[in-house]
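Colleague: I am new to this structure and would like to learn how to read its features one at a time. Could you take me through them slowly, with the general idea before each case?

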Amino acid sequence: MGGKKHEAGKLKTWGTFPGRDVKKRYFTLPNEIFTLGLDQGEIAVYAYLLFCEDRETYQCWPSFKRIGQCTGMSPNTVRKYVHRLEEKRLIDTEKTTVQGRDGKVKNGVLLYTIRPIHEAVAYRLEQDRVGQGRAAARPKRTSRT
């Protein structure tokens, strides 16, 4: 069953991780992410980018293909979700270039920068306020009898 019983019937798991270093083996997902109206694909891509990011620069550069392999999505689907995360102000992207062995400059992968979560929350609140203002400004229809 993957473990064995010991001391007072508690399950002891095989292969425990001795000396876990929380900063190296884990990443955190901000609680606010669940208040932003993201769908599961956006959350999966965002979580993978957080997993990959350098904790000091808040940047990473996985390819669409690599993100797709790790999240079970096609590269085109990943591209769609990356664009949505940019629109929601969770990430910024920059194009990069690489120089090949033949000296030609080619497009590289995107450089992702994870933005502070409070900026995305503030943007979402502003968008909600604007949306409510538009709804209140619409004239109410009256039924004709």
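Modeller: Let us begin with burial, where buried means under 20% relative accessible area, exposed over 50%, and partly exposed in between, computed with a 1.4 Å probe on protein chains only. Glu42 has a relative accessible area of 2% and is therefore buried. Before going further, please keep in mind that this is a predicted model, in which local features need pLDDT of at least 70 and side-chain atom pairs count only at pLDDT 80 or more, while totals for chains, interfaces and linings use all residues. Residues are numbered from 1 along each chain as its sequence is written, and side-chain values use heavy atoms, with hydrogens and water left out.

Colleague: Where is Glu42 found, and which residues does Glu42 touch beyond those up to four places away in sequence?

Modeller: Helices (H or I, at least four residues) and strands (E, at least two) are DSSP runs numbered from the N terminus, and Glu42 lies in helix H2. Contact means heavy atoms within 4.5 Å, and when residues up to four places away in sequence are not counted, Glu42 touches Gly37, Tyr81, Arg84, Leu85 and Lys88.

Colleague: How should I read a polar contact, and what does the side chain of Glu42 reach at 2.8 Å?

Modeller: A polar contact is a pair of N or O atoms within 3.5 Å; within protein, one must be able to donate a hydrogen and the other to accept it, and residues adjacent in sequence count only if both atoms are side-chain atoms. The side chain of Glu42 reaches the backbone nitrogen of Asp39 at 2.8 Å, and a polar contact of 3.1 Å joins the side chains of Glu42 and Lys88. At the start of H2, a side-chain oxygen of Asp39 in turn comes to within 3.1 Å of the backbone nitrogen of Gly41.

Colleague: How many salt bridges are there, and what is the general idea behind them?

Modeller: Side chains of opposite charge can pair when their charged atoms come close. A salt bridge is a side-chain nitrogen of Lys or Arg within 4 Å of a carboxyl oxygen of Asp or Glu, and by this rule the count comes to 6 salt bridges. One of them joins Lys88 and Glu42, with the closest N and O atoms 3.1 Å apart. That pair links distant parts of the chain, 46 residues apart, since Lys88 sits in the loop between helix H4 (75-87) and strand E4 (91-94), while Glu42 belongs to helix H2 (residues 40-52). Lys88 is partly exposed, with a relative accessible area of 27%.

Colleague: Which residues do salt bridges that share partners join into one network?

Modeller: Asp92 and Arg115 meet through their side chains in a salt bridge of 3.4 Å, N to O. Here too distant parts of the chain are linked, with Asp92 in strand E4 and Arg115 in the loop between strand E7 (111-114) and helix H5 (117-137), 23 residues apart. Glu119 also forms a salt bridge with Arg115, the closest N and O atoms being 2.8 Å apart. Salt bridges that share partners thus join Asp92, Arg115 and Glu119 into one network. Asp92 counts as partly exposed at 34% relative accessibility, Arg115 is partly exposed at 21%, and Glu119 is partly exposed at 31%.

Colleague: How do I read a nonpolar core, and which element gives the most to the largest one?

Modeller: In soluble globular proteins, nonpolar side chains tend to be buried together. A nonpolar core is a set of buried Ala, Val, Leu, Ile, Met, Phe, Trp, Tyr and Cys residues joined through side-chain atoms within 4.5 Å. The largest one has 24 residues, and those with the most contacts inside it are Val45, Tyr46, Leu49, Leu90, Ile91 and Tyr112. H2, helix H3 (64-71), H4, E7 and H5 each supply at least two residues of this core, and H2 gives the most, with 6 residues. Leaving aside neighbours within four places in sequence, Tyr46 is in contact with residues including Leu29, Pro30, Leu90 and Ile117.

Colleague: How many disulfides are there, and why is Cys60 not bonded to Cys52?

Modeller: A disulfide is a pair of cysteine sulfur atoms within 2.5 Å, and by this rule the count comes to 0 disulfides. The sulfur of Cys60 is 5.3 Å from the closest cysteine sulfur, in Cys52, which is too far for a bond. Cys60 is buried, with a relative accessible area of 3%, whereas Cys52 counts as partly exposed at 26% relative accessibility.
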